[in-house]
Amino acid sequence: MFIDIIQLLSLAVALVALFQRIHLPPILAYLATGMIAGPYGFQLIVEQADIELFAELGVVFLMFSLGLEFSLPRLLSMRHLVVGLGGGQVLSVGVLFMLLGLFVSLYWAQAFVVASAMLMSSTAIVIKQLAESKLLNSRLSKLSISVLLFQDIAVVPFLIMIPLLAQQSGDVMLIAEQMGWAMVKGLFAVFLILSVGRWILPTLFKEIALIRSDELFVMSTLLVALIAGLMTHWLGLSMALGAFLAGMMLGEGPYRHQLEADIRPFRDVLMGLFFITIGMLLNLPSLIEDWPRLIIVLVVMMLSKIILVFILAKWLGESSSNALSTGLVLAQMGEFGFVLLALAGKLALLPLPLISTLVGVGVISMAITPWLIDCHQGIVRRLLFQSKPKRKSGLSPPLPGQYSDHVIVCGYGRSGQTIARFLKIEGIPYTVIDRDPVRVQEALNGGEKIEFGDASRREIQMMLGAEKAKSIIITFNDTEKAIELLKVVKPLTDAKVLVRTTDDSNIQMLHNSGATDVVPESLEGSLMMVSHVLAISGVPIKRILKRLQHERKGHYNHLHGFYFGGESNVSFEESEALERLHAIRLEFGAYAIGKTVAEVKLKEVSYRAVRRQGIELTQVHQDFIFEVGDVVLVCGPSRYVKRAEHCLLGGWAG
């Protein structure tokens, strides 16, 4: 068993890396791993049962994660699209595929399973690809997510029905009776688990969070998912159903994101094993031999889903381009289709050759999906005979006068949100760009003016009207990214560009890259404290404001360089990079005595002042001559300050 796992993981790591390089989803790499290692490949796996056990846990954690993402308020806000488009897609595609299954002589229970698997689309691939294509904030994305959300909900009753169909495949009345009894048990499970989730688990997780133990939080998350799955298993239902309910009851609480982050590594690894076991069902020689049937099923499935989604979306009043784009995006078979096929295979409800064919159809359709999403606009233009090209970004096109003399806020973290709030109070027009889809959706729901996208892309800045902007504010704390953005916006506009940074270590670099002003938070905090001190000391407010303005114009000259102590709370790297002040007394015999500043030639440091006979001289020009007893105050990075001392005293190279 241990050797089997090592072989599988080694092969999976190599194939995932390869597939990522050619921009194919990891799911396909796992399926290929199973195909190579399985009974129809090189037969590397001898004991498959143990691996299937871990794979089943992967499905449990997948359903738990799905429950965390299932939001009842979100569902209600999109109910017209979810029920109309999503419900219509599941019903129409399911009925069509079931009729086609009966037409090719499948038993009705088998036709139902095949239809259930084929109507599913891939939530993981579609959402990931829409995000990478900057379309997550588009109408296309909203339509696609509505369908995917209804499909995810529909998985739950499918998981209940398939075992019943396998147990009572010949008696319709008995199946109906069993379905009714399963419904009663399901409602009891929902009531029990949701009650526990509402009244007990929030208090439990609050106490766990207060302990501040990551290990305890992770173990508690896994335990809750498995116990919920075990409860539904005892009731004769699917473990995945219990995990879904457990995730749903925790999804409305404040710990949702932490729970999802904690369970993701386990889910991803175990789901990888699940897809490997699915890949083992692929009989490649048989598929190659029977490739015409494979291609026919693939074409029929994808064309049927595209056409039906197009008709439904048009019926709901969507434009032809959005309707056809949604059909193209959702044309593939999804990961839950594989889950249903695996369950049917385990219960011997479907013959293995048919499962192999359907898995092959799913693999090919998922491989095509990234290309379909990237090229959907071109395909739509050709099919609808549109001559005018559409935008590739999910941003709204700038209307005449929409963006003019405004402020662009790049990044919507705490600083970006604070800036936006004050701009709104003052009635200053602004727009915000951020690439965190969750944050963007939250802000949109709150009525904020925000777009999803990568601010460092030239085309997105043009859509935001950078050439007509009054100012551009860069708020994210990433110097390299800020410099990249500066290189993009400076050729586009003469607007003032304000950059936020944490300290003064990169001020000059940002100014050299084109920043009009750089605001180091640590120095601004010091300035605010200085202003309060001066105010309570009786200094007039006009003089304080003038002093603050002078410091900012002088690039915080009086806030650079400090005396380091023996217990200065800075790391070695910070001490080497930060500017420090150091006083050097020129005693008799020092190298610099009698020489000018120009002759000493210090590098990478500046002269802050020279104290001579108790008098501080701040004008240290190139012709300034050092004398015995002078105390030279130099400022610069630590390593250069040390060199300066060696040069002034001993004449070593500065």
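How many salt bridges does a search of the whole structure find? The search turns up five, where a salt bridge is a side-chain nitrogen of Lys or Arg within 4 Å of a carboxyl oxygen of Asp or Glu. The model is predicted, with local features needing pLDDT of at least 70 and side-chain atom pairs counted only at pLDDT 80 or more, while totals for chains, interfaces and linings use all residues. Residues are numbered from 1 along each chain as its sequence is written, and side-chain values use heavy atoms, with hydrogens and water left out.

Start with Arg 612, which has a salt bridge to Asp 630 at 2.7 Å, N to O. Asp 630 sits in the loop between β9 and β10 and Arg 612 in strand β8, so this pair ties together parts that are 18 residues apart in sequence. Strands here are DSSP runs of E with at least two residues, and helices are runs of H or I with at least four, both numbered from the N terminus. Asp 630 and Arg 612 are both buried; buried means under 20% relative accessible area, exposed means over 50%, and partly exposed is in between (1.4 Å probe, protein chains only). For Arg 612 the relative accessible area is 18%.

Arg 612 also pairs with Glu 627, their closest N and O atoms being 3.6 Å apart. Glu 627 is in the loop between β9 (615–617) and β10 (631–637), so its link to Arg 612 in strand β8 bridges parts 15 residues apart in sequence. Unlike buried Arg 612, Glu 627 is partly exposed, at 39%. A further salt bridge joins Glu 587 to Arg 585, with 3.9 Å between the closest N and O atoms. Here Glu 587 is partly exposed at 46% relative accessibility, and Arg 585 is partly exposed with a relative accessible area of 46%.

On the surface, Lys 601, Lys 603, Arg 639 and Arg 643 gather in a patch of positive charge. Patches take residues with over 30% relative accessible area and no salt bridge, joining like charges within 9 Å and nonpolar side chains (Val, Leu, Ile, Met, Phe, Trp, Tyr) within 5 Å. Lys and Arg count as positive and Asp and Glu as negative, with His and the chain ends not counted; the charge is placed at NZ of Lys, CZ of Arg, CG of Asp or CD of Glu. Within this patch, Lys 603 lies in the loop between α27 (597–600) and β8 (606–612), and Lys 603 counts as exposed at 54% relative accessibility.

There is a nonpolar surface patch too, made of Trp 291, Ile 295, Val 299, Leu 303, Ile 307 and Ile 311, with about 570 Å² of accessible area together. Such areas come from the Shrake-Rupley method with a 1.4 Å probe, and for residues only the protein chains shown count as cover. Trp 291 belongs to helix α15 and is exposed at 52%. Ile 295 lies in α15 (residues 291–315) as well, but is partly exposed at 38%. Trp 291 and Thr 357 are 66 residues apart in sequence, yet 9.2 Å apart in space, C-alpha to C-alpha.

Helix α10 (residues 201–211) has Leu 201, Phe 205 and Ile 208 buried. Viewed down the axis of α10, the buried residues fall within an arc of 55°, so they line one face of the helix; the arc is that of the directions from the helix axis to the C-beta atoms.
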